[in-house]
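Visitor: I'm new to this one, so could you take me on a close look at a single part? I'd like to hear about the charged pairs and the places around them.

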Amino acid sequence: MKDDIESQAAKNIELNNKEIENRCFKLESTPPLLHIDFIGICNMTPHCPMCLNWDGAIGPRHHQGMKIDDFLKFGKFFDNASVLINCGIGEPLLNKDLIEILKLFSKEKKEFAINSNGLALKRDLADKIIPFSPYLTIIFSIDAASRETYSKLRANNFDEVIENIAYYCQKRRKEFGSLKTKTGICFLPMKLNKHEVPDFIKLGARIGVDVVELRSLNEVDHQIKIERKGFVFDYQEQQLSMDELDELRHVAQKEADRYSIRFDCQYSFDVDYTYEYFVPKEFKHLNIPCLLPWRFLLPYQNGDTIGCCYMNRSLGNWREIGLDLLWNGANMQNIRRELASGKLAKECLKYRSCPIVGRELKRSQSEYSLTKLRDNIRTPLPFFKALSKHMPILKRPYVFIKRIMQKLFGRK
């Protein structure tokens, strides 16, 4: 059974890769990256002010955690998946069936990636999950490098959480050495904590994680203000501009090089950079802006299904009509068709928090600014040329400016 499932997943990856290369819209393969709604409860109370998934004590997709039977309901979408990634709104280490689920994934050689706040990672639990490290990636959301900042964003247990992560990393490395899977810590840059980016990289190196990640706050179109311990967290006020985020990426990369630790930036708006999650390097030659619609699907436990982690509009209810009809429905095929032509899909452009959309907006702004500059310079040139015929002293400056124009904007 294990070999059959493993072989099935490998064949699905091979078919998925071919369908991407051929720019297929309707797919025979299923997503090799199946995102799951692993749990809907959290132990961080009150909830973190930058978390958009909670309103009061209970989140909008509240549930006690997936069980093995829940995975079997996905049918071939589970069997064919090579990697399962937790996209639930809760704390995955609270799932009471966590160890049994890890046993299943390990048996079928499926990688499992989760985000955790690290609070529940006591030594007894760490000892239980370390044997599954070859198949388990954990990224710990910390967002601070000091007790003071952490207390404003999360809680008063900064030292405890860091100690939990350090113990897990040390024992994992001692047991297995280097692995394909990874441990990491994650940071959401905002006005409150942006000065701590260098120290956060240093913290990651000190406690022995494999990678340090930067992600960004999602854009919101409504006001969110939360008061905690005398501090008012204004979500919109805390958001950084694209240029500020890119500047912090360069700062983080410099520090990561200094401490010889891997650094990943998931939000980069640099027009020459694409995080490999969106376009793996083996597909860069296709010039498709994003490949997630070929590789990604997220069926929530309440039935809602989305085709990208930045989308908030459901494709439909998978419990009612099945995953097949959603995976190859008109919406997903249209998105793939537009992306395959080398441009962003109209649906994608609705989600400005997506770094691919942000990059396109930055490119558009740059092109607009260049066009305005070109037009502003070009407008007086004919007059300048005519004037130079009557005033020879102006001829050399005119020729010089014209050559500069040709180099910058082409021969027009």
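Guide: Happy to, and keep in mind that this is a predicted model. Let's start with Lys73 and Asp70, whose side chains meet in a salt bridge, with 3.8 Å from N to O. Asp70 counts as buried, because its relative accessibility is 12% and the cut-off for buried is under 20%. That pair is one entry in a count of 25 salt bridges.

Next, hop over to Arg154 and Asp143, another salt bridge, at 2.8 Å from N to O. This pair links distant parts of the chain: Arg154 sits in the loop between helix 6 and helix 7 (158-176), while Asp143 sits in the loop between strand 4 and helix 6, 11 residues apart. Both partners, Arg154 and Asp143, are buried. For Asp143 the relative accessible area is just 1%. Asp143 has another quirk: its phi is positive, about 65°, although Asp143 is not a glycine.

Now slide along to helix 10, which covers residues 242-259. Helix 10 has 18 residues and reaches 26 Å from its first C-alpha to its last, close to the 26 Å expected at 1.5 Å a residue. Several of its residues are buried, among them Leu245, Leu248, Ala252 and Glu255. Glu255 is worth a pause, since Arg258 forms a salt bridge with Glu255, the closest N and O atoms being 3.6 Å apart. Those two are three residues apart in helix 10, so about one helical turn separates them. Their surroundings contrast: Arg258 is exposed, with a relative accessible area of 60%, whereas Glu255 counts as buried at 13%. Elsewhere, salt bridges that share partners join Lys182, Glu213, Arg215, Arg262 and Asp264 into one network.

Just past the end of helix 10 comes Ser260. Here again you'll find a positive phi, about 55°, in a residue that is not a glycine. Ser260 lies in the loop between helix 10 and strand 9 (262-265), and Ser260 counts as exposed, at 68% relative accessibility.

One last stop, if you're wondering about cysteines: the structure holds zero disulfides. Cys51 is in none, and the nearest cysteine sulfur, that of Cys48, is 6.6 Å away. That pair doesn't qualify because a disulfide needs the two sulfur atoms within 2.5 Å. Cys51 counts as partly exposed at 23% relative accessibility, while Cys186 is buried, with a relative accessible area of 2%.

Technical notes:
Residues numbered from 1 in each chain as written. Predicted model: local features only at pLDDT ≥ 70, side-chain atom pairs only at ≥ 80, totals over all residues. Heavy atoms only, no water. Buried < 20%, exposed > 50% of the residue type's maximum accessible area, 1.4 Å probe, protein only. Helix = DSSP H or I, 4+ residues; strand = E, 2+ residues; numbered from the N terminus. Expected span 1.5 Å × (residues − 1). Salt bridge = Lys/Arg side-chain N within 4 Å of Asp/Glu carboxyl O.
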